[in-house]
Amino acid sequence: MRKVLPTLAAAVLLATAGCAGSDAGSSGPIVVGSVNALSGAATFPESSQAAKAVFDAANAAGGVNGRKIEYKAIDDKGDPAAAAAAAREVVGGDSAVALVGSSSLIECEINEKYYEQQKILSMPGIGVDPACFSSPNIAPVNVGPFHDMTLTLLYGTEVLKLDDVCALLEIAGNTLPAYQAAIGEWTKITGKKLKYVDSTVPYGGSDYTPYIVKARAAGCKAITVNPVEPDSIGQLKAAQAQGWTDVTWLLLTSVYSENYAKAISNAGAGVYVPAEFYPFTDATAAANQEWRDLMAKNKIPLTSFSQGGYLAAKYFLAVLRGMKGDITRETVTKALREMKPISDPMVGTPYVFGPAQAHHDNTAGWPIKLATGTNKWELSARDWLRIPKP
């Protein structure tokens, strides 16, 4: 994950300095946009690719009330200035009626105020930074890393009955308070506290041995981490090199991929993840069949990212098809604010945008497991794991 703080303030100023764009009017294509990490240090192209596949299929079937959807996926390059420019291009220049299926490490924080100023709503396929879950104009489809951390801790202590759980946190930008709140939510529910916390673990570290040695010396028997895949692979290898093979790893959806599973031969006492959507590695699941068929037809990788983009576009289409009269930014915003919750077997929480001042409503994950020697993800539960309501 790239360091974004040095240019963040300038990019936010750039984002909020734009002028209001017009809407798409009552004829011609309906312009829908997204801002995505398509190039740079970490890329997530599948979300917008999946959203485009949904819209292309809708267009092939006649569009929405005879109007085609023109989908524009803009690259933020993992750069704050580029993220601000991308939003201005699609919202101000192209007059999008909404943003659907975005997937980026930074764009919510960069553009949240701009979206409020432009009175446009965003439905990211994958929300990552804290601003994705604290803005009145942004409502991601996915669980997000913070609820995901609460879920993985709940599964570890309340289902697996693990004690002496520790946390190694990789902190980028201003994410530390959000992870602390996620851990605090677990503590509030269970009455338990972590045995040891280290929030100095670097992204992209070359050697995680010192962090592993300290965690083992602290008496940790299970560790929760919020890593990207290469970091987690390095951390597990560092534990293995130290002969620490009885530790349980409570990780996040960020490592849930087939490539990660192939890279992990020694998973210690197991790697557990609460998948944000119904596990895509369960090839026989009816819940994923429609998504799986569309991704295969369009040669889009089967990942959590493509699940998020697919669902965002599907929800958006359902709202559009229920609208009467003109489809403009103003009417789309009104329809999303007033929509009824939509259920889908691919997620454990119905989706609704609604009028709330913040949107962090997806609170269910499906536990999966990667065991030593299997190189394959397996279901670890028969139902969704949900964060209890207060």
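## Helix 4

Helix 4 is mostly covered, with 9 of its 12 residues buried. The model is a predicted one. The buried residues of helix 4 are Glu 107, Cys 108, Glu 109, Ile 110, Asn 111, Glu 112, Tyr 114, Tyr 115 and Gln 118.

Helix 4 takes in residues 107–118. At 1.5 Å a residue these 12 residues should span 16 Å, and the end C-alpha atoms are 15 Å apart, so the span agrees with the expected value. Just after helix 4 comes Lys 119, which takes a positive phi of about 55 degrees.

## Met 123 and its contacts

Met 123 is found in strand 4, which covers residues 122–123. Is Met 123 buried or exposed? Its relative accessibility is 1%, and because buried means under 20%, Met 123 counts as buried.

Which residues does Met 123 touch, leaving out those up to four places away in sequence? Among them are Leu 99, Val 100, Gly 101 and Ser 102. Met 123 also touches Ala 139, and further along the chain Ala 312, Tyr 315, Phe 316, Leu 336, Tyr 351 and Phe 353. Met 123 and Phe 353 are 230 residues apart in sequence, yet their C-alpha atoms are 8.2 Å apart in space.

## Helix 5 and the loop after it

Helix 5 has 15 residues, 145–159. From its first C-alpha to its last it reaches 20 Å, close to the 21 Å expected at 1.5 Å a residue. Of the 15 residues, 13 are buried, so helix 5 is largely enclosed by the rest of the structure.

Lys 161, just after helix 5, takes a positive phi of about 60 degrees. Asp 164 also has a positive phi, about 55 degrees, although it is not a glycine. Asp 164 has its place in the loop between helix 5 and strand 5, the latter being residues 165–170. How exposed is Asp 164? With a relative accessible area of 27%, Asp 164 is partly exposed.

## Lys 299

Another positive phi is found at Lys 299, a residue other than glycine, where the value is near 55 degrees. Where does Lys 299 lie? Lys 299 is in the loop between helix 10 (289–297) and helix 11 (304–321). Its relative accessibility is 78%, and because exposed means over 50%, Lys 299 counts as exposed.

## The chain as a whole

The chain holds 12 helices and 12 strands. A compact globule of 390 residues would have a radius of gyration near 21 Å, and the chain has 21 Å, so the two agree. Along the principal axes, the C-alpha atoms fill a box of roughly 65 × 45 × 40 Å.

Buried residues make up 56% of the 390 in the chain. Of the contacts with a separation of 6 or more, 69% are between residues 24 or more positions apart. The contact of Met 123 with Phe 353 joins residues 230 apart in sequence.

## Surface and charge

The accessible surface of the chain comes to about 15,600 Å². Carbon and sulfur atoms account for 53% of that surface.

The chain has 35 positive and 37 negative side chains. How far apart do the centres of the two sets lie? The centres are 3 Å apart.

Notes
Residues numbered from 1 in each chain as written. Predicted model: local features only at pLDDT ≥ 70, side-chain atom pairs only at ≥ 80, totals over all residues. Heavy atoms only, no water. Helix = DSSP H or I, 4+ residues; strand = E, 2+ residues; numbered from the N terminus. Rg over C-alpha atoms; globule rule 2.2 N^0.38 Å. Buried < 20%, exposed > 50% of the residue type's maximum accessible area, 1.4 Å probe, protein only. Contact = heavy atoms within 4.5 Å. Areas by Shrake-Rupley, 256 points an atom, 1.4 Å probe, with all protein chains shown as cover. Lys, Arg positive; Asp, Glu negative; His and termini not counted. Charge placed at Lys NZ, Arg CZ, Asp CG, Glu CD. Expected span 1.5 Å × (residues − 1).
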